[in-house]
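Me: I would like to go through the terms used for this model and ask, for each, what justifies it. Could you set the values against the definitions as we go?

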Amino acid sequence: MLKADNISYAYDDGTKALKNVNLEVNKGEIVSLLGKNGAGKSTLFLHFNGILKPENGRVLIDGEELKYDKKSLIEFRQKVGIVFQNPDDQLFAPTVEEDVAFGPLNLGLPMEEVQNRVEDALKKVGMEGFEKKAPHHLSGGQKKRVAIAGILAMKPELMVLDEPTSGLDPKGASDILKLLYALNEEGMTIIISTHDVDLVPIYSSRVYVISAGEIIKNGTPKDVFSDVELIRSANLRLPRVAHLFEILEKRDNFDFGGDYPLTISQARRLANEKFNKN
Ligand code: ADP
């Protein structure tokens, strides 16, 4: 559906932020782009909105190469909606409803359709009742929800979210992920950038690991986190659950065959298999 084909990019000061990046998101997936700060995640995502143009390589949507004239960009941005890391970069209208209505109004849709979309989008993100509130009076998690609603109201085929859980408390982060998971269940294709290794295996169908502007691995969470050396070389770590099982095996002589659970539910299943004899 969305494809980065051999993209390289350098900033004006010479920083080579992306090197021959290949990445593909298929319809219905939730893909994570995992990398430490400065790895190149935001730079790649700015290519997925046509804000940055690759020096080499191409961005493709449904097999068609993205062009950078105004009309092509408008069409592309209806298909691919980006939620920026900082909601304050995205929200600017005096009220929540005006903010969510901004995109659909710009599409020139009739007022009734705009109102329906705003209502639907706010309901989906659980922000109905906040229509008249000023975005800058909302909490971080609520702002994030409104920013997501603004993108949903455009009815994109794919959503790109740059660090959607950054700056949120654990409950806020988990609520946003649940929301994204629910949107995905309803058919939305999603790509998320993050450095949060604990969250990645909970929701991702596939993971790309980026380090110093290069994709160094891609696969299922299991494929990716079974390569412990690679994960550590990218200045990341195993999910805490996996790390615990690694310690139990290496220091306490438990035998898991090097195959560590990545999430609490996987750990529960394994513990029940191994230790619950009833
Ligand atoms: P991430 O999103 O993974 O934290 P970024 O894409 O923001 O990483 O940054 C990738 C690299 O590009 C970093 O080395 C960063 O310092 C550099 N960089 C980002 N934005 C700019 C810019 N506007 N000008 C110059 N260098 C930049």
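Reply: Let us start with the naming of elements: a helix here is a DSSP run of H or I that spans at least four residues, and the numbering of helices begins at the N terminus. The model is predicted, and in it helix H3 covers residues 96–106; just after H3, glycine 108 adopts a positive phi of about 80°.

Me: How do you know how confident the predictor is in the chain?

Reply: On a scale that runs from 0 to 100, the mean pLDDT of the chain is 93, with 99% of its residues at 70 or more. Confidence is lowest in helix H11 (residues 264–275), where the mean is 88, and highest in strand S2 (residues 16–25), where it reaches 98.

Me: Which residues of helix H3 are buried, and what covers them?

Reply: Buried requires a relative accessible area under 20%, and in H3 the residues so classed are Val96, Asp99, Val100, Ala101, Gly103 and Pro104. Their cover includes helix H4 (111–124) and helix H5 (140–152).

Me: Why is aspartate 198 called buried, exposed or something in between?

Reply: Its relative accessibility is 24%, and since buried means under 20% and exposed over 50%, aspartate 198 counts as partly exposed. Aspartate 198 sits in the loop between strand S8 (189–194) and helix H7 (200–203), where, neighbours within four places in sequence aside, it is in contact with Arg237, Pro239 and Arg240.

Me: What makes the approach of aspartate 198 to arginine 240 a polar contact?

Reply: The side chain of aspartate 198 reaches the backbone nitrogen of arginine 240 at 2.7 Å, and because the cut-off for such a pair is 3.5 Å, the distance of 2.7 Å satisfies it.

Me: How do you know that backbone atoms of the protein make polar contacts with the ligand?

Reply: The same cut-off of 3.5 Å applies: oxygen atoms of the ligand lie 2.6 Å from a backbone N or O atom of glycine 38, 3.0 Å from a polar backbone atom of glycine 40 and 2.8 Å from a backbone N or O atom of serine 42. Taken alone, the ligand exposes 560 Å², of which the protein buries 61%.

Me: What kinds of residue make up the shell around the ligand?

Reply: The shell divides into three nonpolar, six polar and three charged residues, and among the residues around the ligand are Tyr11, Asp13, Lys36 and Thr43. Helix H1 (residues 41–47) supplies the largest share of the shell, three residues.

Conventions: Residues numbered from 1 in each chain as written. Heavy atoms only, no water. Near = heavy atom within 4 Å. Polar contact = N/O pair within 3.5 Å; in protein donor to acceptor, adjacent residues only side chain to side chain. Areas by Shrake-Rupley, 256 points an atom, 1.4 Å probe, with all protein chains shown as cover. Helix = DSSP H or I, 4+ residues; strand = E, 2+ residues; numbered from the N terminus. Nonpolar A, V, L, I, M, F, W, Y, C, P; charged D, E, K, R; others polar. Buried < 20%, exposed > 50% of the residue type's maximum accessible area, 1.4 Å probe, protein only. Contact = heavy atoms within 4.5 Å.
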